[in-house]
2 protein chains.
Amino acid sequence: MQRTEQLCDKFRSLGLKVTPQRRHIFQVLEGNGSHPSADEVYDRVKVSMPDISLATVYNTLRELVNLGEIRSLDLGEGRSRYDPHTDGHHHLSCVRCRGVVDVACGTHALELAPEQQHGHRILGADVTFYGVCPTCLEQESVNQTAPSLRMWGVPASD
Amino acid sequence: MQRTEQLCDKFRSLGLKVTPQRRHIFQVLEGNGSHPSADEVYDRVKVSMPDISLATVYNTLRELVNLGEIRSLDLGEGRSRYDPHTDGHHHLSCVRCRGVVDVACGTHALELAPEQQHGHRILGADVTFYGVCPTCLEQESVNQTAPSLRMWGVPASD
DNA sequence: ATGTATGCAAAGCGTTTGCATCATG
DNA sequence: CATGATGCAAACGCTTTGCATACAT
């Protein structure tokens with residue numbers, strides 16, 4: 001995602017309007033590595049703009065996704081998360097606390113052998129690693145929680 | 001997923017009951033490679049059991065997922081799809097028609113370099129390839145649709 | 001001044017749940 | 001016969017939309 005000011009220019013050049021609400025949303029997203037949900041963006045914006053509507057947040061996020069400025073992530077949580085980091089990278093999600101960190105693509109070229117493409121034109125791939133983050137691992141050992149084996153689908157206890 | 005009869009035995013041995021509804025659902029899923037949504041399973045079961053409730057389908061699918069008999073897939077469509085094929089494999093989804101085919105894991109061991117694990121205990125990974133299937137490619141060339149470039153996020157025209 | 005964005009509330013969609021009834025084991 | 005499953009409808013969480021008002025350009 002571009003910097004807020006450049007984004008504003010882009011919006012204007014497309015005939016879209018730059019409202020205070022949108023500027024606030026841009027600023028919350030800029031450099032945000034927490035992969036926030038729409039609701040979390042809403043909460044963050046409300047701090048400095050208490051009267052903003054959740055619908056406005058949703059509409060603006062959709063606009064940004066359509067413009068290719070942010071990515072919408074579906075990590076099987078029943079809601080979308082948003083990532084201003086749009087270059088190719090993958091995600092590592094903790095099945096207990098739902099925290100998400102970026103992982104570089106590295107050399108995992110992640111190509112599909114021609115015989116496995118089934119005639120498709122391949123556009124890209126999404127990779128999500130599932131695991132347990134250091135913090136949750138600690139709590140697990142303390143709480144003697146069931147071993148995180150059959151999980152990842154339905155996370156462990158609390 | 002096991003065969004229907006073996007699944008019935010498993011259910012009974014766990015104190016779960018084998019009802020006609022469940023048996024029908026098992027049979028629709030058995031060997032089903034279409035990655036159906038709950039609604040699609042519902043439609044298929046209704047053919048031979050018109051009075052079944054959608055809630056029953058949902059409840060049974062959830063049970064099967066919890067037992068590890070089927071996988072729940074989240075392909076960013078806003079609804080879950082179900083796969084009776086539970087051994088490690090990935091998916092290739094057509095961004096236009098939403099069709100999904102399995103792709104073998106192959107040698108794509110898909111491991112995360114230790115320095116990229118950020119201290120997590122890795123449990124697994126989901127890989128989804130996005131592309132355009134042969135059928136849609138054909139239609140695209142006929143309809144002179146916009147090149148499928150900026151898509152995969154919001155699919156092309158109709 | 002024009003057209004787009006906003007806030008609000010309602011609707012939409014997929015999914016879950018509460019409850020009375022039914023049927024499996 | 002006891003427990004768990006069913007169907008129905010209501011509730012749920014996330015997201016979109018309709019509409020009248022407000023504001024950026």
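Q: Which element supplies the largest share of the surface near DNA strand D?
A: In this predicted model, helix H4 (54-66) of chain A, together with helix H2 (20-29) and helix H4 (54-66) of chain B, each supply at least two residues of the surface near DNA strand D. Among the contributions to this surface, the largest share is four residues, and the element that supplies them is H4(A).

Q: Which part of DNA strand D accounts for 78% of its atoms that come within 4 Å of the protein?
A: There are 23 residues around DNA strand D, and those that come nearest are Tyr58(A), Ser80(A), Lys17(B), Ser53(B) and Thr56(B). On the side of the DNA, the part that accounts for 78% of the atoms within 4 Å of the protein is sugar and phosphate.

Q: How many Å separate a phosphate oxygen of DNA strand D from an N or O atom in the side chain of Tyr58(A)?
A: Phosphate oxygens of DNA strand D take part in several polar contacts, including one in which a backbone N or O atom of Ser80(A) lies 2.8 Å away, and another in which a polar side-chain atom of Arg22(B) lies 3.1 Å away. For the side chain of Tyr58(A), the distance from its N or O atom to a phosphate oxygen of this strand is 2.3 Å.

Q: How many residues of the surface near DNA strand D are charged?
A: The residues of this surface divide by character, with eight of them nonpolar and eight polar. The charged residues of the surface near DNA strand D number seven.

Q: Which element gives the largest share of the surface near DNA strand C?
A: Around DNA strand C there are 21 residues, of which Lys17(A), Thr56(A), Lys17(B), Tyr58(B) and Ser80(B) come nearest. Helix H2 (20-29) and H4 of chain A, together with H4 of chain B, each supply at least two residues of the surface near this strand. The largest share is four residues, and they come from H4(B).

Q: Which side chain has an N or O atom 2.8 Å from a base oxygen of DNA strand C?
A: Of the atoms of DNA strand C within 4 Å of the protein, 77% belong to sugar or phosphate and the rest to bases. A phosphate oxygen of this strand is 3.0 Å from an N or O atom in the side chain of Arg22(A), and a phosphate oxygen is likewise 3.0 Å from an N or O atom in the side chain of Arg12(B). The base oxygen, in turn, is 2.8 Å from an N or O atom in the side chain of Lys17(B).

Q: Which strands stand at the edges of the six-stranded sheet?
A: Six strands form an open sheet with mixed pairing, in the order E4(A)-E3(A)-E5(A)-E5(B)-E3(B)-E4(B). Each edge strand has a single partner strand, so one side of each is left without a neighbour in the sheet, and these edge strands are E4 (100-104) of chain A and E4 (100-104) of chain B.

Q: Which residue stands opposite Ser93(B)?
A: Strand E3 (residues 89-94) of chain B runs antiparallel to E4(B), and five bridges join the two. Ser93(B) faces a residue in E4(B), namely Val100(B).

Q: What kind of rotation axis relates the two copies?
A: Chain A is superposed on chain B, with an RMSD of 0.1 Å, by a rotation of 180° with 0.0 Å of shift along its axis. The two copies are therefore related as by an axis that is two-fold.

How values were computed: Residues numbered from 1 in each chain as written. Chains lettered and ligands numbered in written order. Predicted model: local features only at pLDDT ≥ 70, side-chain atom pairs only at ≥ 80, totals over all residues. Heavy atoms only, no water. Near = heavy atom within 4 Å. Polar contact = N/O pair within 3.5 Å; in protein donor to acceptor, adjacent residues only side chain to side chain. Nonpolar A, V, L, I, M, F, W, Y, C, P; charged D, E, K, R; others polar. Pairing = 2+ DSSP bridges. Least-squares fit on C-alpha atoms with pLDDT ≥ 70 in both.
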